[in-house]
Amino acid sequence: MIEPALSFDRSAASLDAVQRAVYRLADRLSCDIAAEDDATEVVVHPVDPDADIEALLGDLRNEVLDQALRERVRAETSDVRNLVLALAFSKTGLAESDV
């Protein structure tokens, strides 16, 4: 049996994004992941032997894209998120104020 595999360009999706996507679909598939210099290779093992492989591969591609975009949004909004958290925790009285 030929094992279905996908390759993701590392400039488009990080290893972390691929791992998060695989974890998100862990109820339907498991994977072997190999990180190369410029690509992440993923061999897919469906949990259900009668599963529609093409549908699983499509879902994995979409989930990798989703995770890559989430990663980008996290990076782009980290300063604002940290500012909001700092302001929120500054009002709790957890730390003594020098003022």
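This text walks through the strands, one helix residue and a charged patch of a predicted model.

Strand β1 covers residues 5-9. Its side chains divide into two sets: Leu6 and Phe8 lie on a covered face, while Ala5, Ser7 and Asp9 lie on an uncovered one. In a regular strand, side chains alternate between the two faces of the sheet. The partner of β1 is β3, and the two run antiparallel with 5 bridges between them. Within this pairing, Ala5 stands opposite Val43 of β3.

Strand β3 (39-46) also pairs with β2 (29-35). This pairing is antiparallel as well and has 7 bridges. One of the matched positions is Ser30, whose bridge partner in β3 is His45. The connection from β2 to β3 is a hairpin through 3 residues.

Asp37 sits in the loop between β2 and β3. Its relative accessibility is 81%, so Asp37 counts as exposed, the cut-off being over 50%. Asp37 belongs to a negative surface patch together with Asp9, Glu36, Asp38 and Glu41. Of these, Asp9 has already appeared on the uncovered face of β1.

Helix α2 spans residues 53-76 and contains Leu57. Leu57 counts as buried because its relative accessibility is 6%, where buried means under 20%. Leu57 and Pro4 are 53 residues apart in sequence, yet their C-alpha atoms are 8.1 Å apart in space.

Key. Residues are numbered from 1 along each chain as its sequence is written. This is a predicted model: local features need pLDDT of at least 70, side-chain atom pairs count only at pLDDT 80 or more; totals for chains, interfaces and linings use all residues. Side-chain values use heavy atoms; hydrogens and water are left out. Patches are made of residues with over 30% relative accessible area and no salt bridge: like charges are joined within 9 Å, nonpolar side chains (Val, Leu, Ile, Met, Phe, Trp, Tyr) within 5 Å. Accessible areas come from the Shrake-Rupley method with a 1.4 Å probe; for residues, only the protein chains shown count as cover. A salt bridge is a side-chain nitrogen of Lys or Arg within 4 Å of a carboxyl oxygen of Asp or Glu. Lys and Arg count as positive and Asp and Glu as negative; His and the chain ends are not counted. The place of a charge is taken as NZ of Lys, CZ of Arg, CG of Asp or CD of Glu. Helices (H or I, at least four residues) and strands (E, at least two) are DSSP runs, numbered from the N terminus. Buried means under 20% relative accessible area, exposed over 50%, partly exposed in between (1.4 Å probe, protein chains only). Two strands pair if DSSP finds at least two bridges between them.
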